[in-house]
Amino acid sequence: MPFLLRMNLRATFLICCLAGGVAACSQSAKQETTAATGVSTPTPPAAAGSGLAKKAGWWKETVVYQLYPRSFQDSNGDGVGDLKGIMQRLDYLKSLGVGTVWLNPIYASPNDDNGYDISDYRQIMPEFGTMADFDALLKGMHQRGIKLVMDLVVNHSSDEHEWFKSARASRTSPYRDYYYWWPAEKGTPPARYSTFDVKKDAWQYDAPTKSYYLHIFSKKQPDLNWNNPKLRQEVHNIMRFWLDKGIDGFRMDAFQFVAKDPAFPPMPGLNEQNFANAYNHGPHLHDYLKEINREVLSHYNVLTVAEGAGRNLTEAHLFVDPARQELDMTYHFEGTGVGSGTDTYKLTDLKRVFTKWDSAFARQGWQALDLGNHDQPRMVSKFGDDRPQFRAPSAKLLNTFLLTMRGTPYCYSGDELGMTNSKFNGIADYRDVAARNTYQLLQQQGGNEAAFFHGLARFSRDNSRTPFQWNATKNAGFTTGTPWIGVNPNYVTVNEAAENQDSASVLNHFRRAMRLRQQHPVLVYGQYQLLDRANPHIYAYTRTQGTEKVLVVLNFSPEKRDWALPPGLKPTGVPLLNNYPALATGPTLALEPWQAVVVRL
Ligand code: NOJ
Ligand code: CA
């Protein structure tokens, strides 16, 4: 197989994872319960961010709901989700209790990479609506105590942005230096790897000016030149434009890649495995962040999160050490990366990674937590078990995990229902530029199609981009038209309407877990301590703050498992959260398949 196709699919799709003698505690109710309410009704928790608007550090206490606008709700039957559609669902968002919504890009874009290729940073994509729709949406969210975080995509623009159109037309364009060019008379530019390019080549020859331009994503995503102070001022102004409208922060796309040495020194051996590290932390990255903070962010009380956390914990700290005045938090790829490119993963790896990253921020800084996003497969299909009998308990377990760890949880839309990877029948069903371009390369160079499709079925980003499953009517209630990407066929049983009615559903468990986090600051701030590190099936940890201490025990397996309580740990009362109706305790917890419990110590 050609070298490029012996790829680790991870790189392609990444960019882009109670004590002896304790009386048995058994809840007799058929449904799951929480001690917080004692009953299992789907009453909405208060929005996590409400009332915190003026509080510094509100972004630590909030829970972020990542919403993929293209796939959430279509309001006009064109098959594409839109802002008016989100408006129709604001009460649903409130019912979840999430404090913040992060919207994937909604700016004007030719959609080569679903909005991550922006042609006008101050306009709404017409498919999504108008600026008036945006203003109404922001107002509607704020009225419900929900904050709004926008994607900031400034490592690159679209090749259809006016800046690029002018820059490519002439070497003397005032916008020429907004991008990176390599004049052809200097020969072939030093090799750079591109993750979405059909040839994986980040240099595209452009005939009008006989030069190559740099694009580390697709050729329709030319990289912006951050060495140019004018470009940086443009970005500051764009940020101010949205912040002055009242938005509550930015998720900064591919930010670790923005800084580049314009001399483009050779990077021998660059490939799909090492490009992310090679591009990371270029010269002046932190100067740019400090400048952004000084010029823009310090004037607003907002949340900032960078995609990418450097190459190690020390570099991660540089982004978020409060003394440095750069950003609030970062998210790393190691968590969602566990098990990528393979059919299985080891729980001990997941524990190691999450424990390592928790320790990095134990004293300083803050982390973003996620198990899935729009670049990853569905979390239940990857880290849980999406077979029908285990889908619900394992999805509940994963949500319990996310909502009981230290850091700010980022919950990806649909994961609160336990939505799974979808079914695609061939390349025509896929929409993602990464999948389609890699398929073209496979066709040109030859290779193992079966292995390619096996990888796509498991890891394609399209798995998490299928329409939100609202109900059992045609197209899951997402659209009356033809959806831009196929609906997951399991919508008939896995959908919001059905789950809302069922107090034992994944959805109502999610609401209970949200409420629990809001009622117990120990779950936000408490010290995290891993227990039984080497256990290949059980992930157990305590969270401690002052005299408050809770134990979280998660059976990451489809079998019943006994777990002996470590000496000195005694649960008190009924579980604070349990994804089964009962918990059999004694010196040993007898856990059901994928059982997840939170108990007070
Ligand atoms: C990271 C985004 O999450 C991904 O969806 C996008 O394709 C790349 N950055 C390029 O913007
Ligand atoms: Ca629409």
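Reader: Hey, starting with phenylalanine 264: buried or exposed?
Author: Phenylalanine 264 is buried, because its relative accessible area is just 4%. Buried means under 20% relative accessible area, exposed means over 50%, and partly exposed is in between (1.4 Å probe, protein chains only). Keep in mind that this is a predicted model: local features need pLDDT of at least 70, side-chain atom pairs count only at pLDDT 80 or more, and totals for chains, interfaces and linings use all residues. Residues are numbered from 1 along each chain as its sequence is written, chains are lettered from A and ligands numbered from 1 in the order in which they are written, and side-chain values use heavy atoms, leaving out hydrogens and water.

Reader: Ok cool. Where does phenylalanine 264 sit?
Author: Phenylalanine 264 is in the loop between β9 and α8. Those labels are DSSP runs numbered from the N terminus: helices are H or I with at least four residues, strands are E with at least two.

Reader: And what's its phi?
Author: Phi of phenylalanine 264 is near 50 degrees, a positive value in a residue other than glycine. Most residues other than glycine have a negative phi. Alanine 254 also has a positive phi, near 45 degrees. Alanine 254 sits in the loop between β9 and α8 too, and counts as buried because its relative accessibility is 3%.

Reader: What about proline 268, buried or exposed?
Author: Proline 268 counts as exposed, because its relative accessibility is 77%. Its place is in the loop between β9 and α8. C-alpha to C-alpha, proline 268 is 8.9 Å from proline 190 in space, though they are 78 residues apart in sequence.

Reader: Switching topic: which residues come nearest to ligand 1?
Author: Asp113, His156, Asp253, His374 and Asp375, out of 13 residues around ligand 1. A residue is near a molecule or strand if one of its heavy atoms lies within 4 Å of it.

Reader: What classes are in that shell?
Author: The shell around ligand 1 has seven charged, four nonpolar and two polar residues. Here Ala, Val, Leu, Ile, Met, Phe, Trp, Tyr, Cys and Pro count as nonpolar, Asp, Glu, Lys and Arg as charged, and the others, Gly among them, as polar.

Reader: How far is the polar side-chain atom of aspartate 253 from an oxygen atom of ligand 1?
Author: That aspartate 253 atom lies 2.8 Å from an oxygen atom of ligand 1. Histidine 156 has a polar side-chain atom 3.0 Å from an oxygen atom of the ligand, and arginine 251 has one at 3.0 Å. Taken alone, ligand 1 exposes 290 Å², and the protein buries 100% of that. Those areas come from the Shrake-Rupley method with a 1.4 Å probe; for residues, only the protein chains shown count as cover.

Reader: Which protein donors does the calcium ion have?
Author: The calcium ion is ligand 2, and its protein donors are Asp74 (OD), Asn76 (OD1), Asp78 (OD), Val80 (O) and Asp82 (OD), at 2.2 to 2.3 Å. Donors are N, O and S atoms within 2.8 Å of the metal (3.2 Å for Na, K and Ca), and water is not among the atoms, so sites may look incomplete. The spacing of the donor residues in sequence is D-x1-N-x1-D-x1-V-x1-D.

Reader: Why does valine 80 count as buried?
Author: Because its relative accessibility is 4%. Aspartate 82 counts as buried as well, at 3%.

Reader: Sheet time. What order do the eight strands take?
Author: They form an open sheet in the order β11-β10-β9-β5-β2-β1-β13-β12, with parallel pairing. Two strands pair if DSSP finds at least two bridges between them. The edge strands, β11 (329-331) and β12 (368-369), each pair on one side only.

Reader: Which residues of β1 are buried?
Author: In β1 (residues 64-67), Val64 and Gln66 on one side and Tyr65 and Leu67 on the other are all buried. Four bridges join β1 to β2 (residues 100-103), and tyrosine 65 has valine 101 as its bridge partner there.

Reader: Last one: what does the side chain of arginine 378 touch?
Author: It makes a polar contact with the side chain of aspartate 415, at 2.9 Å. A polar contact is a pair of N or O atoms within 3.5 Å; within protein, one must be able to donate a hydrogen and the other to accept it, and residues adjacent in sequence count only if both atoms are side-chain atoms. Arginine 378 is in the loop between β12 and α13 (379-382), and counts as buried because its relative accessibility is 2%.
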